[in-house]
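Reader: I have a structure to go through and would like plain answers. Please start with a term I will need.

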Amino acid sequence: MSSPRFKRVRGSRYWVNHIMHALCMLATLAGISSLFLILGFLVIQGVGAFNWDLFTQPESSGLGISNGIIGTIELVALASLLGVPIGVMSGLFLSEYGRRGRFGNILRFFTDILNSTPSIVVGVFGFAFIVVNTHHFSALAGAFTLMVLMIPIITRSTEEIALLVPNSLREAALALGVRQWKVILFIVMKTARAGIITGILLSVARVAGETAPLVLTALGNLWPNRSLTEPIAALPLEIYNFATGPDPKLWSQAWAACLILVLFVTLTSLLARLSTRRSTLRK
Amino acid sequence: MKPKRFSLPPDSLFKWILATAGLFIVMIVGLMIAVMAIESWPVFQQFGLQFIYGGDWNPSENADRPPTFGALPFIYGTVVSSILALIIAVPLGLGTAIFLNELAPRFLRTPISFLVELLAAIPSVVYGMWGLFYLVPFLHDHIMPFLSDTLGFIPLFAPPIRGFSMFSAGVILAIMILPFITAVAREVLAAVPNSQREAALALSATKWDMIKKAVIPYGRSGIVGAVMLGWGRALGETMAVTMVIGNSHFIKTSLFQAGYTMASVIANEIREATYPLYVEALIAIGLLLFAVTFIVNGLARLLIIRMSKVSMGGQNE
């Protein structure tokens, strides 16, 4: 047999290859261009509406969104107060005690259920559980709902990152006679710190933009909130109300609010990425 | 000799503290199901299964006619808008995943996948506002007339056209689930061993032959899982859909007419719900939505797990 001669592929296979190549490229381009279309409009419409009043005046004056900014910060902070420790602790439980075994698996399953439950359903839960029973839309109900949304994200990311901590580190510490709770606190958590923080940041970014559950629980408020048992404003709620309302002046405030929200979310996820990159684990 | 395992008080205490946090999650999920079931019980008691297949949603309280609650228009709207979203997003998402994983030059992969991920970070209400002011007018002026002129003989594309419609909702949902489908499909493709690719290339396959014959079949169940995960997302999306779908209580055949989804009816009408049965009917819709997404996500996860087991065991057809 003579040595094989390589011929370039021609015919239908050749053309199909190139057409599909181009189509895949087009698909990618379509996704990216819709991103730029959204961001572009956001910047064009939002930057023009930025002014001092926007950040200092409450909704009731018709000039600003300060109560929404404060409200979102308040809601997210309240949600994190319980959500972060519970999320991190159950994540550590999964990685340190629950790798196998019945409770670990049950917990993992329930966390996954919670993670994939639509936020509106969690909102319905907050509504049926707190608002119906207290007869009030309130900041507490809103914060509770955001907390429920936050926990599973933190739990799974903490578990994933703590599993990356090499077992040799744990064993070395245990062999030196360090007790296990100290190993978890000072070896596992310390090594995985950057990753755990990333998970927390991502969950904050995700929860800060949630609207649907807040419509059912926090309701919105034209004035800064005085008490946690009263309705509270939030940035996403303001966007929703302004955008669906008839007033063009409020539309441009809503664009500005969108821009603030998107900037916050993007910066947070960028920050999260940077902190993971610096982590010793991901190297 | 087995060393005696001794657990000092602080150790077991610490374990119990962590376990309590875990128990809290389990309790929350249990509570969520229980509360929704209890609150919506009167509705199912009064309307039975008719709540699900009844097409008449009429909450207004008249003296001569009691309010009726049938969730079919919302179930229909949820299914149709999300399937429309899948029809648009699946080819785009798979194409993007294939491009990123198989075709793109290495230096492009990280920045492009970051941009696609960014699409997932944009809050739903921002999509809604963009849809309200740009996408809906654009679709109404340019895309819908074209579709109804060319495909108008199919009832789904029949005129007249409205901007706030099922079609707009499907398009915006497609953009929103695109990053999820892409990300999961990419993971699945990345799990396909290189020996599959090399074997195909060695048989003088072109790149596309290789993808079609050696990569996609290997990852098929994982890809179906990715699609299902995207579907689960689309089913529960609320704000963006609420802002563009037009919110009509009636089932219309044409995609260019207004519709309603389960999620958006809850968000939209909860403030108007003035009497207990109305509130309970909305909570019942929440429970239905939970059940549906639970099933869809469960199936998706099973498929993805099966895929990762196959690729780890190294066995394939």
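Author: A polar contact is a pair of N or O atoms within 3.5 Å; within protein, one must be able to donate a hydrogen and the other to accept it, and residues adjacent in sequence count only if both atoms are side-chain atoms. This is a predicted model, in which local features need pLDDT of at least 70 and side-chain atom pairs count only at pLDDT 80 or more, while totals for chains, interfaces and linings use all residues. Residues are numbered from 1 along each chain as its sequence is written, chains are lettered from A and ligands numbered from 1 in the order in which they are written, and side-chain values use heavy atoms, with hydrogens and water left out.

Reader: ok, domains. Which ones does the assignment give chain A?

Author: Domain 1 covers 9–47 and domain 2 covers 52–278. These bounds come from an automatic or database domain assignment. The C-alpha centres of the two domains of chain A are 33 Å apart.

Reader: And how many residues does each domain of chain A put into the contact?

Author: Domain 1 of chain A gives 6 residues and domain 2 of chain A gives 5 residues, where contact means heavy atoms within 4.5 Å. Between them, about 520 Å² is buried, 86% of it on carbon and sulfur atoms. Buried area is the accessible area (1.4 Å probe) that two parts lose on being put together, summed over both.

Reader: Which three residues of domain 1 of chain A supply the most of that?

Author: A:Leu42, A:Gln45 and A:Gly46, with 78% of the area that domain 1 of chain A buries against domain 2 of chain A.

Reader: How many residue pairs are in polar contact across the interface of those two domains?

Author: The rule finds 0 such pairs, counting those with both residues at pLDDT 80 or more. The count of salt bridges between the two domains is also 0. A salt bridge is a side-chain nitrogen of Lys or Arg within 4 Å of a carboxyl oxygen of Asp or Glu.

Reader: Now chain A against chain B. What area do they bury?

Author: About 7,200 Å², with 81% of it on carbon and sulfur atoms. A:Ile38, A:Phe125 and A:Tyr240 supply 8% of the area that chain A buries against chain B, more than any other three residues. The contact takes 80 residues from chain A and 74 residues from chain B.

Reader: How many salt bridges and polar contacts cross there?

Author: There is 1 salt bridge, and 8 residue pairs are in polar contact, both residues being at pLDDT 80 or more. Helix H1 (residues 12–47) gives the most to the side of chain A that touches chain B, with 21 residues. By class, that side of chain A has 59 nonpolar, 17 polar and 4 charged residues. For the classes, Ala, Val, Leu, Ile, Met, Phe, Trp, Tyr, Cys and Pro count as nonpolar, Asp, Glu, Lys and Arg as charged, and the others, Gly among them, as polar. Helices (H or I, at least four residues) and strands (E, at least two) are DSSP runs, numbered from the N terminus.

Reader: Which side chains meet in that salt bridge?

Author: A:Arg13 and B:Asp209, with N and O atoms 2.6 Å apart. The pair runs from helix H1 of chain A to helix H8 (residues 207–215) of chain B.

Reader: Is A:Arg13 buried, partly exposed or exposed?

Author: A:Arg13 is partly exposed, because its relative accessibility is 33%. B:Asp209 is buried, at 11%. Buried means under 20% relative accessible area, exposed over 50%, and partly exposed in between (1.4 Å probe, protein chains only).

Reader: How many salt bridges does the structure hold over all chains?

Author: The total is 8. Among them, B:Arg197 and B:Glu102 meet at 2.8 Å, N to O. B:Arg197 is in helix H7 (residues 194–202) of chain B and B:Glu102 in helix H3 (residues 72–103) of chain B, so the pair ties together parts 95 residues apart in sequence. B:Arg197 is buried at 11%, and B:Glu102 is buried at 5%. In chain A, A:Arg108, A:Asp112, A:Arg156 and A:Glu159 are linked in a network of salt bridges.

Reader: Last one. Where is A:Thr229?

Author: A:Thr229 is in the loop between helix H10 (212–217) and helix H11 (235–244) of chain A. Leaving aside neighbours within four places in sequence, A:Thr229 is in contact with A:His136, A:Phe137 and A:Ser138. The side chains of A:Thr229 and A:Ser227 are joined by a polar contact of 2.8 Å.
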